[in-house]
Amino acid sequence: MWLFFFLLAVAAAALSCALLCRAAVAAARTARPAPGAVPGPSAEGDRAGLTLYEMAYLSGGPHRLADLVLVLMAQQRRLLLTDTGWATVVDPVGNDAVERATLTAIGPAGQCRIPQIRESLVGDVAVREVADRLVSDGLALPAAVRPGIATGVRLVKGAAVLVLLCAAAAAWMAPAEADQGLLLGWFALPLIVTLGSWAVARFELHPYSDWATDAGGQQLPRPSGSPAPLPSLTSFALCGPIALTDPTLRAALHSSGA
C-alpha cells in the first residue's frame, strides 16, 4: 500500500514543479521583446505612472479592480455599500468608463448585490480595455500564460505538504517488519524536488504575481518602503480589503466574498 502513496507523492511533485517551470518560462518569454521589435515609449519607461485601476489589476486582477471602483465610489459618497453585501446608487453619474460600467451593472433599480456587480465588471469592455492596455505595454501577463508564477508556487507548496502526508500515511500503514527509515527515504526525493523548486522560485522569481510581468511589478509602489503612508485607495489597490480602515466597507466586501 505504501507504493500507492509514494506514486501519489511523486506525481504531485512532478506536476506542480512542471507547472511552475512552465509559468516561469511563459513569463520570461512575455517579458522578452520580439526579435526586430521597436519598443514604444511605454516599454522604455516613458509611460506615465500607473493609474489606480492599473495598480489594482496588476496586484489582484479584474476582481481587485472591480472592488476598487466600488470602494472609490463609496468613499466619494456616490455609492452606499452595506455590511450585508449590497450596493445602492447615490449619484447615478460615472466619471469614467469603469464607473459607468459599474452603474450599468447595478441596473436601473439602483441596488444590486456586490458579487453580481463584481462578476459583471470582470467581463466588461471597460475592464478588458485596462487589461489589454497593460498587456500591450508589457506590464501584465496575457491570458495565454496564466495561471502565473504565484499559482505555480502555491501548487508546489501544496505538493510539499502532500508529500509529507503521504509519507506519514505510508509509514503508518507499512507492515511492522518494514524498514521505516528506507521507506521514508523514498519520499525524500519528491520532498527535495518540491522544496528545492520553492526555494529557487523564492530567490529567483519573487515577488510572484498571477497578473503582473516583472516590468509591471517594478512599477507598483512598495507599501513597506514608502517614507510616508500611501493613500488609502492606493493601499487598497495593492493589498486588497485588508488595507481598509473603514469597518463598514471591509464588512461589505467581506460579506460579498472579497
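This is a chat about how the helices and strands of a predicted model fit together.

User: Hi! Let's start with the sheet. How many strands does it have, and in what order?

Analyst: Hi! The model is a predicted one, and its open sheet has 3 strands in the order β1-β2-β3, with antiparallel pairing.

User: Which strands are at the edges?

Analyst: Those are β1 (79-81) and β3 (111-113), and each of them pairs on one side only. From one strand to the next, the twist averages 20 degrees.

User: What holds strands together in general?

Analyst: Strands of a sheet pair through backbone hydrogen bonds, and the pairing can be parallel or antiparallel.

User: OK, how many bridges join β1 to β2?

Analyst: There are 3 bridges between β1 and strand β2 (residues 86-89), and the two run antiparallel. You can follow the partners yourself: Leu-79 stands opposite Val-89 in β2, and Leu-80 stands opposite Thr-88 in β2.

User: What about the turn in that hairpin? Which residue has a positive phi?

Analyst: That's Gly-85, with a positive phi near 90 degrees. The hairpin of β1 and β2 has 4 residues between the strands.

User: And on the other side of β2, how many bridges go to β3?

Analyst: Again you'll find 3 bridges, joining β2 to β3, and these strands run antiparallel. For an example, look at Ala-87, whose bridge partner in β3 is Cys-112.

User: Switching to helices. Which strands does α4 lie across?

Analyst: Helix α4 (residues 114-122) lies across β1, β2 and β3, and runs at about 85 degrees to β3.

User: Which strands does α3 touch?

Analyst: Helix α3 packs on the sheet and touches β1, β2 and β3, with its direction at about 90 degrees to that of β3.

User: Now helix against helix. How do people describe two packed helices?

Analyst: They use the angle between the two axes and the distance between those axes.

User: Then what are those values for α2 and α3?

Analyst: Helix α2 (residues 52-75) and helix α3 (residues 97-106) pack at an angle of about 60 degrees, and their axes are 10 Å apart. The two helices are therefore oblique to each other. Their crossing is right-handed.

User: Which residues meet there?

Analyst: From α2 you have Tyr-53, Leu-65, Val-69, Leu-70, Leu-72 and Met-73, and they meet Val-98, Glu-99, Thr-102 and Leu-103 in α3. By type, that contact has 8 nonpolar residues, 1 polar and 1 charged.

User: Nice. What's the angle between α2 and α4?

Analyst: It's about 125 degrees, with the axes of α2 and α4 9 Å apart. That angle makes α2 oblique to α4. The crossing of α2 and α4 is right-handed.

User: And which residues of α2 meet α4?

Analyst: They are Pro-62, His-63, Ala-66, Asp-67, Val-69 and Leu-70. On the α4 side, they meet Ile-114, Ile-117, Arg-118, Glu-119, Leu-121 and Val-122. The contact of α2 with α4 divides into 8 nonpolar, 1 polar and 3 charged residues.

User: Last topic: charges. Why would two side chains pair up?

Analyst: Side chains of opposite charge can pair when their charged atoms come close.

User: How many salt bridges are there?

Analyst: The count comes to 3 salt bridges. One of them is formed by Glu-54 with Arg-133, whose closest N and O atoms are 3.2 Å apart.

User: Where in the chain do those two sit?

Analyst: Glu-54 is in helix α2 and Arg-133 is in helix α5 (residues 125-136). They are 79 residues apart, and the pair links distant parts of the chain.

Key
Residues are numbered from 1 along each chain as its sequence is written. This is a predicted model: local features need pLDDT of at least 70, side-chain atom pairs count only at pLDDT 80 or more; totals for chains, interfaces and linings use all residues. Side-chain values use heavy atoms; hydrogens and water are left out. Axes are lines fitted to C-alpha atoms, for helices over the stretch in contact, and angles run from 0 to 180 degrees between N-to-C directions. Angles under 35 degrees count as roughly parallel, over 145 as roughly antiparallel, 65 to 115 as roughly perpendicular and the rest as oblique. A crossing is left-handed if the near helix is turned anticlockwise from the far one by less than a right angle, and right-handed if clockwise. Contact means heavy atoms within 4.5 Å. Ala, Val, Leu, Ile, Met, Phe, Trp, Tyr, Cys and Pro count as nonpolar, Asp, Glu, Lys and Arg as charged, and the others, Gly among them, as polar. Two strands pair if DSSP finds at least two bridges between them. A salt bridge is a side-chain nitrogen of Lys or Arg within 4 Å of a carboxyl oxygen of Asp or Glu.
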